[in-house]
Amino acid sequence: MLWVKAFHLIFMVTWFAGLFYLPRLFVYHAMSHDAISQERFVIMERKLFWGIMTPGAIITILLGLWMLVAGRSVYLSAGWMHIKLAIVALLILYHLWCGKLVSDFKYGRAIHSHVWYRWFNEVPVAFLVAIVTLSIVQPF
């Protein structure tokens, strides 16, 4: 089970690397005005979302479910795990929102300012702090 946990953490880091970087690309994309830059950001965002973030998310979730099922008698009775799973559900929604924003930029439907994307970029930090703290400290 330690191998499963190790790879769960490795792919979680991969997922979060994308979650931190993609909104930063949105900031730069929203600030760019020339066609060449716009096209370059569309390609970078697509590759990051589909090539790194989404596979990282899927593998992280599958390995997490594997550990959850294997240790269900322990994990499902722990209050911290219920909160962690709720936060992970919110993280998945954030990931899907990022996918929608990738699409919005691709089709010229992006409506937010670079300042809005800067704030949007901070959201995964809160998720990471909460998930890691709950997993390590297991407060209840």
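This briefing covers the salt bridges and the largest nonpolar core of a predicted model. Local features need pLDDT of at least 70 and side-chain atom pairs count only at pLDDT 80 or more, while totals for chains, interfaces and linings use all residues. Residues are numbered from 1 along each chain as its sequence is written, and side-chain values use heavy atoms, with hydrogens and water left out.

**Salt bridges**

- With a salt bridge taken as a side-chain nitrogen of Lys or Arg within 4 Å of a carboxyl oxygen of Asp or Glu, the count is two.
- Lys100 pairs with Asp104 at 2.7 Å, N to O, and both residues lie in helix α4 (residues 79-106), four residues apart, about one turn of the helix; helices here are DSSP runs of H or I with at least four residues, numbered from the N terminus.
- Asp104 also forms a salt bridge with Arg109, with the closest N and O atoms 3.3 Å apart, and thus Lys100, Asp104 and Arg109 are linked in a network.

**Accessibility in the network**

- Asp104 is buried at 7% relative accessible area, whereas Lys100 at 47% and Arg109 at 44% are partly exposed (buried is under 20%, exposed over 50%, partly exposed in between, with a 1.4 Å probe and protein chains only).

**Nonpolar core**

- The largest nonpolar core, a set of buried Ala, Val, Leu, Ile, Met, Phe, Trp, Tyr and Cys residues joined through side-chain atoms within 4.5 Å, has 30 residues, and those with the most contacts inside it include Leu19, Met53 and Leu91.
- Helix α4 gives the most to this core, with ten residues.
- Leu19 touches, among others, Met53, Leu91 and Pro124 (heavy atoms within 4.5 Å), not counting residues up to four places away in sequence.

Conventions:
Helix = DSSP H or I, 4+ residues; strand = E, 2+ residues; numbered from the N terminus.
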